[in-house]
Amino acid sequence: MPRAERERQMIDVAVTTFAEHGYVATSMDDIAERVGVSKPMLYEYFHSKEGLLLAAIREARTALRQATERAVTGATTGKEVLERGLLAYFRFMAERQDAWSLLRHELSFLGPVASEEVEAIRQQQTDFNTLLMRAHLSGASEEEVEAAAEILVGACERMAVWYERHDHATPELATQYTMNIIWNGMASWQEPDRGTAAD
């Protein structure tokens with residue numbers, strides 16, 4: 001098996017095992033057995049259990065960025081950008097439920113390095129939101145754009161928690177509820193030539 005494919009397999013199995021048994025309770029032996037490789041091979045790829053976890057977080061960060069970038073491509077108004085981006089985020093959380101569950105329930109056990117990686121995901125999304133808002137909400141000041149980007153990331157995290165607690169919830173419903181609250185505050189920042197709140 002090519003190295004990149006094997007590495008992805010190890011990460012996927014590790015995330016599933018961490019989510020099922022907890023990060024602390026899971027051993028490298030458990031993961032190696034599930035993958036069908038030797039424990040030394042796991043250490044060769046990731047050096048430690050924490051290294052394996054960090055690789056999983058970084059992979060999720062890259063995948064989330066790619067998913068949101070694809071989703072907003074071609075959007076022409078601020079409202080469309082926000083709606084597409086939110087839907088991509090909530091769909092990603094639904095599809096990567098094991099990874100999300102691991103991070104949400106066991107963040108206190110992950111250690112400072114892993115916690116920094118999780119914060120890097122938040123910062124990535126904040127920076128991406130800021131970039132999009134600058135382009136589509138030209139009626140807002142730089143400080144308003146920065147504040148709105150931070151608020152949006154925090155709101156999405158809490159909505160993902162809400163989503164997890166409600167079996168009937170869908171990414172589309174989570175997007176709708178978030179749009180109902182967030183867009184009302186942003187709509188006034190659109191310049192007339194970029195659309196209106198009724199778009």
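Biologist: What is the relative accessible area of Glu 117?
Modeller: This is a predicted model, in which local features need pLDDT of at least 70 and side-chain atom pairs count only at pLDDT 80 or more, whereas totals for chains, interfaces and linings use all residues. Residues are numbered from 1 along each chain as its sequence is written, and side-chain values use heavy atoms, with hydrogens and water left out. Buried means under 20% relative accessible area, exposed over 50% and partly exposed in between, with a 1.4 Å probe and protein chains only. Glu 117 falls in the buried class, because its relative accessible area is 12%.

Biologist: Which side chain meets that of Glu 117 in a salt bridge?
Modeller: A salt bridge here is a side-chain nitrogen of Lys or Arg within 4 Å of a carboxyl oxygen of Asp or Glu, and for Glu 117 the distance from N to O is 3.0 Å. Glu 117 lies in helix H7 (residues 111-136) and its partner in helix H4, so the pair ties together parts 59 residues apart in sequence; helices are DSSP runs (H or I, at least four residues) and strands likewise (E, at least two), numbered from the N terminus. The partner is partly exposed, with a relative accessible area of 37%, and it is Arg 58.

Biologist: Which helix holds the partner of Arg 122?
Modeller: The side chain of Arg 122 forms a salt bridge with that of Glu 157, at 2.5 Å from N to O. Arg 122 itself belongs to helix H7, so the bridge ties together parts 35 residues apart in sequence. Both residues are partly exposed, with relative accessibility of 25% for Arg 122 and 23% for Glu 157. Glu 157 lies in residues 142-165, which form helix H8.

Biologist: How many residues apart are Glu 59 and Arg 8?
Modeller: The closest N and O atoms of the Glu 59 and Arg 8 salt bridge are 3.2 Å apart. Glu 59 sits in helix H4 (residues 49-72) and Arg 8 in helix H1 (residues 3-21), so that the bridge links distant parts of the chain. Glu 59 counts as buried because its relative accessibility is 17%, whereas Arg 8 counts as partly exposed because its value is 37%. In sequence, the separation of the pair is 51 residues.

Biologist: At roughly what angle do the axes of helices H5 and H9 cross?
Modeller: Axes are lines fitted to C-alpha atoms, for helices over the stretch in contact, and angles run from 0 to 180 degrees between N-to-C directions. The axes of H5 (residues 78-95) and H9 (residues 171-186) come within 9 Å of each other, and they cross at roughly 145°.

Biologist: How many residues of the contact of H5 with H9 are nonpolar?
Modeller: With contact meaning heavy atoms within 4.5 Å, the participants include Leu 82, Leu 86 and Phe 90 of H5, together with Met 179, Ile 182 and Trp 183 of H9. Three of the contact residues are polar and four are charged, and the nonpolar ones number 11.

Biologist: What share of the 199 residues in the protein chain is buried?
Modeller: The protein chain has nine helices and zero strands, and its C-alpha trace spans about 60 × 30 × 30 Å along the principal axes. Among its contacts between residues at least 6 apart in sequence, 69% join residues at least 24 apart. Buried residues make up 47%.

How values were computed:
Ala, Val, Leu, Ile, Met, Phe, Trp, Tyr, Cys and Pro count as nonpolar, Asp, Glu, Lys and Arg as charged, and the others, Gly among them, as polar.
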